[in-house]
Amino acid sequence: MCGIVGLHLRNPDLYPLLGQLLTGMLCEMANRGSDSAGVAVYGDPTWTPPGSGTVSLLEVDATAEEVAATLGPDVTVTRLGETYLVSAPASADSLLAAARAAYPQALVAGFGADVAVLKGVGHPKALTEAWGLAGAAGWQGVGHTRMATESAVTPSGCHPYAVGPDQCLVHNGSFANHATIRRELRAAGVEFDSENDTEVGARFVAQKLADGLDVETALKELCGRFDGFYTLLVSNRDSFAVVRDAIACKPAVIAETDDWVAMASEYRAFVGLPGVAKAKIWEPEPEVVYAWKR
Amino acid sequence: MTNWALRESATFDRPTIAAIQRAAETGIYDIRGWGAKRALPHFDDLLFLGASMSRYPLEGYRERCGTDVVLGDRNAKHPLHLDIPVTIAGMSFGALSGPAKEALGRGASEVGTSTTTGDGGMTAEERGQSKHLVYQYLPSRYGMNPDDLRKADAIEVVLGQGAKPGGGGMLLGQKISERVAGMRTLPEGVDQRSACRHPDWTGPDDLTIKIGELREITDWEKPIYVKVGATRTYYDVKLAVHAGADVVVVDGMQGGTAATQEVFIEHVGVPTLAAIPQAVQALQELGVHHKVQLIVSGGIRSGADVAKALALGADAVAIGTAALIALGDNHPRHAAEYEKLGSAAGFYDDFQDGNDPAGISTQDPELAARFDPVAGGRRLANYLRVLTMEAQTIARACGKAHVLHLEPEDLVAVSIEAAAMARVPLAGTEWIPGR
Amino acid sequence: METLTKFDLSAVALRDVNAALHAKNLSGEFVIENPSGAHNLAVGLDAPVKITIDGHVGYYAAGMNQQAEITVNGNAGTGVAENMMSGSVWVKGNASQSAGATAHGGLLVIEGNAAARCGISMKGVDIVVGGDIGHMSAFMAQAGRLVVRGDAGEALGDSIYEARIYVRGTVTSLGADCVAKQMRPEHHEELERLLKAAGFEDDDTKAYTRYGSARALYHFHVDNASSY
């Protein structure tokens, strides 16, 4: 179980503050889960240089220097906590293929033109410090704090699940029929990194988006197929969407101003956002997809 | 002359035929009390390795075998100190008569253990009689109030029970008497529909906050238990601990109820034997075994069952059905009346009808008046003493100076299923299937 | 003269604030500053005191309240005034899910909107909502009154027992066994009293519709199987 947060900035003047605001939101959700945390940041010029593809890797058994040397001359590797951000002036897909070939045991936490996905084990506050999240910039970020059930708490267990280019999904709740859907996706050739129910949701959405559906339709289809209680936040480089299941027991609050749209498991995650006192605040209706586009 | 050629179908046996015919006649599912009646791998399939050349027994009486247990000392100012590791499980006033609840309090207090309220709130009689009272906090919240919360010795947040994990309470109209209706804020005589989820939290992340609220309201004085019916026990226990539980209660599918659908009782949940090692493993992995105590229930009948549950890693057990039987439920003296009700002594499980000739699971004042709470309390105390002495006998024979010193290595199994579920070796071998 | 005591939740621990508010024979007025969405604030009160919380609260604010008059100058999280027995809780902003859940008495006023499950399992409390309420509100509502000046979401009053609901706006859909009912003079009077207590005395009670139990599900019956 967990806490989820998301922030979509509309006003470019706020882009330099993305990391600081996201840090505040994430740490407010630490008491919903403090074993591990994950964030995705869209548009930080250092982490995901414009014109480059970036791959976020976990469980890499080598130093950052070794990785850079292995993957090629134009590749930069930044290590933030347990995450390796690998960038190169190439498509993210080709960089991903190269990384997978060189490090087949590594876990791909995310990939794309603009997204950096950082995950780690430990208290969210400590993790945000290790990542230097407060200094990050960008137009959008999502985050997740996790209460682990397995004794071996691993960074890969955390959301966001980023299984498509520049795509992220965070989930609060629990699916009830994901085992069957996982089998169906496997039969269609999809590979899974974990036994986690959230990963099934992420790969389902990624499949739909790859088939050409827009995010609203993909999420509507998810609602039709998945049983369980869930609040989902799905982000792409150009969109930010929230949906809840039909029964909608898991918490979710959305706040919106002209400058930003934010979503969190609890209202208190919003307290540090500029202008929140005047924000329109509401709780999403069941099975309604709320989406914002850049 | 019996016809020896008659052969009953194992698939469509007589109870199954009767059930199908009943469904066809009434158009509504069958509701009954008690827990799962089918044969399941259970404690009977485990045996103790008594004293031998390498293990030495303790003498009875002179060489003490302790039975006391402390529950809920992780966070609470006032944990429960019980003299015996057998508690009385939650059963509501409403499901049971007032005199029956009084008897449970009397018997438990006489031997220094606790009783638990049920899905209907706390009665003054039970608080008056019970030296240690655990107050259940259920999805229905019938009768829940802060004054009673403060009067309780512990609070048990109930997610579910073994008879119906995932189901809510049920009390049919004939048992919603004026008093029961008043306590539950319901119209008299309605069939009570109960919620299966709590109204203001779902999931361990929100349970954490809820447990915090209950602690804040009671100034951190009382242990908070979390009770689950046995299903995905390993994960449930881990999440309960993460959410802040001081004690975890796991109720296997043999656990009883006063009323629910027959299909729920027989086909949902896992046997107690399969649940205990999962719970213990969860606690051990989190480093809190015996620090967050484990109470196990669902088919505890004798001191041997008590000893086996403790050996597998529980800190205490709870009894429900057995306590009612000790009070006088299903006693042969009522045989004629059970027959009039279409049942028989030893088979009677229609608690939902409220016609119990023993006066235990009824709200009918005439029937309830038959039950003498003082005598009933004495019978329960006797039974609890026997359970304790039997467990001590076994513990001494295994060389233990305290019943809580029993361990899984004191046990072997006599069936493969029991060996696999309980995670102890098949007798005469070192084999634990699946490990 | 009533003493006024201030607590700054950014400086003092929640436990200390709640412990102080649980003191025997508590009297006076209290202000709690900088709540910042804290959970379990001012829970388990049992004294005829006035508490003002300046800011937003998290889950279960004023939970199990007895006698106290508590005002939240902000929004409230899940379960505000849950299981309240008496006294009053006034939320100036919006309330999240399960507002007034399973409460037995007292008055809960939410000036803004309440979200899903408002008044779920209510057992005698009076709830007045200035704006809208979300889906599954008054689910299994056993007793008490719920007044909604705005709209109600899906499945209003599903499995309702004897609670009474008054809605001025639209109802997206009614839950099992919940039906519109006639407004008799005693209902107009009751509604008027509730609106006045919540500061909405100018409302026209004729603009409201009363909802309550059809009482068809009070006994299990095969013909109702589709409702279960």
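Student: What does β1(A) pair with in the antiparallel sense over five bridges?
Tutor: In this predicted model, the partner is strand β13 of chain A, residues 260-264.

Student: Which residue of β13(A) stands opposite A:Gly6?
Tutor: A:Met263 does.

Student: And what about β8(A), how many bridges does β1(A) make there?
Tutor: Seven. β8 covers residues 140-146 of chain A, and the pairing is antiparallel. One bridge joins A:Cys2 of β1(A) to A:Arg146.

Student: Is β1(A) buried or exposed?
Tutor: Buried. Eight of its eight residues, 2-9, are buried, so the strand is largely enclosed by the rest of the structure.

Student: Which residues point which way?
Tutor: A:Cys2, A:Ile4, A:Gly6 and A:His8 point one way. A:Gly3, A:Val5, A:Leu7 and A:Leu9 point the other way. All of them are buried.

Student: New topic. How many residues are in contact between chain B and chain A?
Tutor: 13 residues of chain B are in contact with 16 of chain A. The two chains bury about 1200 Å² between them. Carbon and sulfur atoms carry 58% of that.

Student: How many salt bridges are there between chain B and chain A?
Tutor: Four. One of them links the side chains of A:Lys250 and B:Asp205, at 2.7 Å from N to O. There are also six residue pairs in polar contact, both residues at pLDDT 80 or more.

Student: Which elements of chain B give two or more residues to that side?
Tutor: α6 (204-217) and α7 (233-243) of chain B. The largest share, five residues, comes from α6(B). By type, chain B's side has four nonpolar, four polar and five charged residues.

Student: Now chain C and chain B. How much do they bury between them?
Tutor: About 3300 Å², with 57% of it on carbon and sulfur atoms. Here 39 residues of chain C are in contact with 40 of chain B.

Student: Which three residues of chain C supply the most area against chain B?
Tutor: C:Met64, C:Tyr161 and C:Phe220. Together they supply 21% of the area that chain C buries there.

Student: What about salt bridges across chain C and chain B, how many?
Tutor: Four. Among them is B:Asp219 with C:Arg15, where the closest N and O atoms are 2.8 Å apart. Polar contacts count 20 residue pairs, both residues at pLDDT 80 or more.

Student: Which helix gives the most to chain C's side?
Tutor: Helix α1 of chain C, residues 14-21, with four residues. Chain C's side divides into 17 nonpolar, 16 polar and six charged residues.

Conventions
Residues are numbered from 1 along each chain as its sequence is written. Chains are lettered from A and ligands numbered from 1 in the order in which they are written. This is a predicted model: local features need pLDDT of at least 70, side-chain atom pairs count only at pLDDT 80 or more; totals for chains, interfaces and linings use all residues. Side-chain values use heavy atoms; hydrogens and water are left out. Contact means heavy atoms within 4.5 Å. Buried area is the accessible area (1.4 Å probe) that two parts lose on being put together, summed over both. A polar contact is a pair of N or O atoms within 3.5 Å; within protein, one must be able to donate a hydrogen and the other to accept it, and residues adjacent in sequence count only if both atoms are side-chain atoms. Ala, Val, Leu, Ile, Met, Phe, Trp, Tyr, Cys and Pro count as nonpolar, Asp, Glu, Lys and Arg as charged, and the others, Gly among them, as polar. Buried means under 20% relative accessible area, exposed over 50%, partly exposed in between (1.4 Å probe, protein chains only). Two strands pair if DSSP finds at least two bridges between them.
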